[in-house]
Number of protein chains: 2
Amino acid sequence: MRNLIDDHEDRLVVSKMLKGAVMAHPNLKKLDHINSVVSSPNDRQVVLISGGGSGHEPLDLGYVGAGALDAAIVGDIFIPPSAEQIVQTVQYFGNKRPILFIVKNFAADRNNFLKASEVLREQGYVVEILIVDDDRSVDPETKEPRRRGVAGTIFIHKLLGAAADKDYSMAQLLELGKKAIANLSTLGVALSGAEIPNRQLESFQLNSDEIAYGIGIHGEKGYRTEKYQSFERLSRELVNKLYAVSGSESGTSIAILVNGLGTLPLMDQFVFTRSVVNLFELKGLHPELVKTGNYLTSYNMTGISITLFKIEDPNWIKLLNYDTTAFAWQ
Amino acid sequence: MRNLIDDHEDRLVVSKMLKGAVMAHPNLKKLDHINSVVSSPNDRQVVLISGGGSGHEPLDLGYVGAGALDAAIVGDIFIPPSAEQIVQTVQYFGNKRPILFIVKNFAADRNNFLKASEVLREQGYVVEILIVDDDRSVDPETKEPRRRGVAGTIFIHKLLGAAADKDYSMAQLLELGKKAIANLSTLGVALSGAEIPNRQLESFQLNSDEIAYGIGIHGEKGYRTEKYQSFERLSRELVNKLYAVSGSESGTSIAILVNGLGTLPLMDQFVFTRSVVNLFELKGLHPELVKTGNYLTSYNMTGISITLFKIEDPNWIKLLNYDTTAFAWQ
């Protein structure tokens with residue numbers, strides 16, 4: 001057996017999860033009758049909100065807190081929150097302050113947040129949307145870039161959360177967010193597909209000795225499958241690719257995220273981190289901040305992703321290191 | 001595939017892991033040529049050290065830092081550090097301050113720490129040992145208590161780490177530690193055995209619909225195996241047992257740890273937390289602190305444990321909530 005949850009289609013699963021999460025993290029509050037989690041009230045200029053399907057914990061709820069998001073809107077497993085849920089969550093904050101949505105680049109997520117924005121604007125809200133599209137995988141058939149929103153989004157949550165605490169205006173947050181997202185590249189590799197018991201996912205299947213490059217966080221196919229050889233070879237492949245697509249140059253300051261996608265032991269993640277950091281250093285890049293752990297997962301998936309974040313401005317490192325109560329930013 | 005590490009018998013795996021860990025956590029330092037991790041120098045009265053086999057990450061290295069341990073001594077996978085490694089690690093701190101070892105109750109761990117203590121005392125060190133024996137499982141044949149050291153040890157790391165920061169003496173730390181350990185009860189359940197690729201473990205095997213109660217963190221057999229029915233039934237069974245063995249009474253203040261043993265999704269852990277906390281409350285206990293997450297794991301194991309910590313003294317909650325830089329205490 002892989003799971004304790006007996007019925008993944010039970011509509012109450014997400015609500016039960018959030019009730020458990022706020023017991024463990026009393027700085028968070030679950031809204032009544034809505035699967036959204038909010039932080040303590042504050043007087044920042046802008047209200048920062050993200051959200052998406054569940055099954056990716058600790059994302060997004062683990063990035064709510066002081067120096068981080070004001071709220072996370074949580075959908076059913078692998079299903080984005082409805083426009084209605086988004087509107088209801090925003091109404092909790094009222095229309096006195098502008099609202100900034102940080103949205104991962106999936107069509108369904110984008111549509112629901114866009115629809116909600118239209119409704120909210122009619123109600124007198126000022127709403128802006130930032131789309132995070134850090135995935136550097138390509139479609140296996142068309143070879144077109146896919147630019148989904150994957151693990152790099154946690155750097156955006158943290159960066160903008162700290163900036164909001166320093167009382168940045170909406171215009172400043174948007175400028176910072178767009179610049180940062182343009183410098184964000186993520187590539188993932190899977191050792192197994194994602195799996196939700198009793199639900200048919202269009203997830204890839206792998207033989208027990210195979211890995212898949214460039215997979216998505218809902219089990220979307222990667223761009224290549226091959227026999228696994230060694231973590232040194234895997235880290236070389238991913239580092240070379242990220243170095244090339246990000247347009248990095250020797251001397252660039254970077255932040256690195258080595259993200260466990262679910263069931264991969266932390267031991268493996270740390271061993272991989274050493275290999276990846278050494279390879280970036282060999283290319284002349286300067287890692288100023290390294291994060292390793294399960295920051296964004298896919299339910300029952302075994303895999304790992306690397307995010308390369310080019311640091312254009314030394315202030316970004318200060319913002320990333322700024323104090324937060326968000327539990328998933330260890 | 002479940003892992004990225006290609007050779008789990010490679011003696012360098014642990015050293016590579018620790019090098020990766022200190023890249024991600026620059027407040028930690030790995031000793032040269034020794035698989036031990038230490039915190040920044042401080043002037044506390046007592047040096048607090050724990051250790052054990054690896055394959056349980058984030059234990060123990062994730063509990064090193066300000067307000068926590070001074071060092072973690074890390075053995076090979078599921079193998080405790082040698083007496084020699086323990087001695088060498090302690091020598092890094094010198095013999096000016098007394099040393100307190102926090103040791104999990106496994107024969108091999110105890111023996112190696114005892115041997116090291118003898119050597120160190122001959123070298124002029126003052127050394128004391130606290131044995132953590134929070135496991136409330138029983139031997140399936142003799143029905144004798146097993147009292148292994150399992151997840152509850154992280155409460156001891158945190159409690160004594162905070163107390164050491166408040167400059168408790170060795171006598172005070174020993175008194176606090178013994179009292180706390182006497183109030184600590186853990187019971188675990190597995191949905192799969194532990195597994196290290198290419199190594200034969202004496203781990204139990206489970207059918208895909210079975211769970212095992214009272215398993216150990218190296219794959220030791222539990223006291224009962226049954227078909228899984230629901231997380232409500234499972235939480236009732238574990239809560240009833242812990243309530244009984246701990247001698248809790250209505251009105252008792254408690255801390256609860258819901259610990260993921262490895263590959264169980266955080267969603268399942270939070271859903272389980274809600275159920276467990278509600279049941280303890282129905283018994284009249286007062287949960288003052290709840291922790292949920294992967295605090296002590298077993299390599300490739302799917303499972304969960306609950307620790308019930310009876311709070312005899314309100315000061316214990318303050319110590320558990322005291323600031324720390326230890327990365328695993330989120």
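**Two chains, one sheet and a buried helix**

In this predicted model, chain B superposes on chain A by a rotation of 180° with 0.0 Å of shift along the axis. The RMSD is 0.0 Å. The two copies are therefore related as by a two-fold rotation axis. Within chain B, Thr263(B) has the C-alpha nearest that axis, at 2.2 Å. The contact surface fits this picture. Of the interface residues of chain B, 100% are also interface residues in chain A, so the copies meet through the same surface.

Now turn to the sheet in chain B. Six strands form an open sheet in the order 1-2-4-3-5-6. The pairing is mixed. Strand 1 (29-30) and strand 6 (127-132) stand at the edges. Each has a single partner strand, so one side of each lacks a neighbour in the sheet. For strand 6 of chain B, look to strand 5 (residues 99-104): the two run parallel and are joined by six bridges. Across this pairing, Ile102(B) stands opposite Leu130(B) of strand 6.

Helix 4 of chain B comes next, spanning residues 153-165. Its 13 residues reach 18 Å from first C-alpha to last, close to the 18 Å expected at 1.5 Å a residue. Is this helix enclosed or open, and why? In helix 4 of chain B, 12 of the 13 residues are buried, so the helix is largely enclosed by the rest of the structure. Among the buried residues are Ile154(B), Phe155(B), Leu159(B) and Leu160(B), but also His157(B) and Lys158(B). An α-helix has 3.6 residues a turn, so residues three or four places apart point the same way. After helix 4 of chain B comes Asp167(B), with a positive phi near 65°.

Note on methods
Residues numbered from 1 in each chain as written. Chains lettered and ligands numbered in written order. Predicted model: local features only at pLDDT ≥ 70, side-chain atom pairs only at ≥ 80, totals over all residues. Heavy atoms only, no water. Helix = DSSP H or I, 4+ residues; strand = E, 2+ residues; numbered from the N terminus. Expected span 1.5 Å × (residues − 1). Buried < 20%, exposed > 50% of the residue type's maximum accessible area, 1.4 Å probe, protein only. Pairing = 2+ DSSP bridges. Least-squares fit on C-alpha atoms with pLDDT ≥ 70 in both. Contact = heavy atoms within 4.5 Å.
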